[in-house]
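Please open the model in your viewer and set the display so that strands and side chains can be selected in turn. The stops below follow one stretch of a sheet, strand by strand.

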Number of protein chains: 2
Amino acid sequence: MSGSRYVEIADALRQSILDGEYQVGALLPSESELAARWGASRGTVRQAVGLLASEGLVGSRQGARRVVLRQERRHSFAQLNSFAQWAAAMGCEVSSRILERTTRRASAEEASRLGVGPGSDVLYVLRLRHLDGEPVLVERTAYTEWVAPAVRDLPDDCVSIMNTIAQDAGIVAHYGEHLIDAVAAGSEDARLLGVRRGGPLLRQRYLTYTAAGRPIEWTDDRYLPGSVAFAVSNSAAASPLERHAGPSVAAHPLRAS
Amino acid sequence: MSGSRYVEIADALRQSILDGEYQVGALLPSESELAARWGASRGTVRQAVGLLASEGLVGSRQGARRVVLRQERRHSFAQLNSFAQWAAAMGCEVSSRILERTTRRASAEEASRLGVGPGSDVLYVLRLRHLDGEPVLVERTAYTEWVAPAVRDLPDDCVSIMNTIAQDAGIVAHYGEHLIDAVAAGSEDARLLGVRRGGPLLRQRYLTYTAAGRPIEWTDDRYLPGSVAFAVSNSAAASPLERHAGPSVAAHPLRAS
DNA sequence: GGGGGCCACTTGTTCAGACAAGCTGGGATC
DNA sequence: GATCCCAGCTTGTCTGAACAAGTGGCCCCC
């Protein structure tokens, strides 16, 4: 693993922070010292600490040593695409059941989001997902036509559709755009989640793409309030240096259209 | 803008994308070509495109040219701290009114979040904020004792407390941690926002720090549903396996504690 | 025509060195 | 004793070079 030296260094530093070797508020060693200690160049060390900064674990100001901001682990935004992956990482037992699976004409919004013609067909899937046995999430997804064959024959209790079609059909979600807001529970939501109609639900709608920028699916997730929250760390000086890394994430409140 | 060379290059590229010179799905020039065109080294160009990637505008895969993912502007997560700044950038008229301002003992949660003793005082501020004349946000903030003097004497209609205390007292929020979920409107929320009690509200709670990691405030914002949504772009880059994160921002659904 | 392999191109990673800009602490000064 | 200034440290930016690894297209062969 670790194909990369800077990931290796970042992993070690992260572990030191998580283990409490560096307390919150403590100063990290200087880049030169870390470079010497690891036998790497300063540029490589900067990629490593840049990774940690992007995770919100450490902060930095020009001229002063880097500071430890947190000692808890945060998972990547990359996992925002996968409820199953996130739940597994949190140590929760997750299960899912597909309640409906039909091919139908795309709605105007679906067609627009997925970038297909208004008359195109999509595969509509309704799923109810549980966390530790409790129903917490109603998921409504529209898959584009070219993805549909990979999804059509999956078992109803498939835990992670994303993972499965990635392995079986080589369809990997590389990018995602998410819209998060609150919405009143509809009658179907209320019945499935066991809440009162009109009560608050946390809604996450998202579009995923392949690495080449081809849309895969448009999903509407509705969470039981209190079961999950979205956590975000940000930094004013968030200038992503050479790190390519990844996942970059840009976000901000948007006016609902 | 004076800033740095790579910011200058990023600004120019961003403008080209926004202007439609590069359409969604189009390929950007290679790094070498950009470097030659700008008379900069490849490293500097990589910093520039890394910035765009962190904004979700472009994506990249090893071996293939960078692709344009979007042509709309997205603001930085940095503005997540400031409703006023964000609204201004969106071209909306924003106004605020402080309805209550009292010094009282910190609640257990406030003390814990702000890292102060359970007996400490905080300055509690209740604000109602409008967008284009409509009330959309109820804001409840607890300021730590050392910040309180800068906030105590602000006028009731101060549009941006963050900006004002940054200019007047030099207190600048450098980092932030945000928790986003949905909650039922309480009776005070319902009265102020003009919704039914128990109806859905989008809640954003956040803690801001100075550059040195010192907590400034703990805030509970409740938005009228439909008035705003949070938008997030993510990219599952480099690491084929799980873990480590994104760049400028790390976030993910968290189980509410 | 279809399949396979080769190759040029592009991005990812790393290095070593240089200067600019901001911070900190200690010493000199008032 | 309080204040100011500076020298040294640390992070931010930039250069030029090199190799590794993945992509895409072209060409050849079957």
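Which residue stands opposite B:Leu202 in strand 7 of chain B? Select B:Ala182, which is the residue that faces B:Leu202 across the pairing; bear in mind throughout that this is a predicted model.

Now extend the selection to residues 175–184, strand 6 of chain B, which runs antiparallel to strand 7 of chain B and is joined to it by 10 bridges. Strand 7 itself covers residues 200–209 of chain B, and because nine of its 10 residues are buried, this strand is largely enclosed by the rest of the structure.

Move next to residues 215–223, strand 8 of chain B, where eight bridges pair this strand with strand 7 of chain B, again in the antiparallel sense. Two opposite pairs are worth displaying here: B:Leu207 with B:Trp218, and B:Tyr206 with B:Thr219. In a regular strand the side chains alternate between the two faces of the sheet.

Between strand 7 and strand 8 of chain B lie the five residues of the hairpin, and selecting B:Gly213 there shows a positive phi near 90 degrees.

Stay with strand 8 of chain B, which is mostly covered, with seven of its nine residues buried. To finish, select residues 134–143, strand 5 of chain B, which is joined to strand 8 of chain B by seven bridges and runs antiparallel to it. Here B:Trp218 is the bridge partner of B:Ala142, while B:Trp218 also stands opposite B:Leu207.

Terms used:
Residues are numbered from 1 along each chain as its sequence is written. Chains are lettered from A and ligands numbered from 1 in the order in which they are written. This is a predicted model: local features need pLDDT of at least 70, side-chain atom pairs count only at pLDDT 80 or more; totals for chains, interfaces and linings use all residues. A residue is buried if 20 or more other C-beta atoms lie within 10 Å of its own, exposed if 12 or fewer, and partly exposed in between; C-beta atoms are placed from the backbone. Helices (H or I, at least four residues) and strands (E, at least two) are DSSP runs, numbered from the N terminus. Two strands pair if DSSP finds at least two bridges between them.
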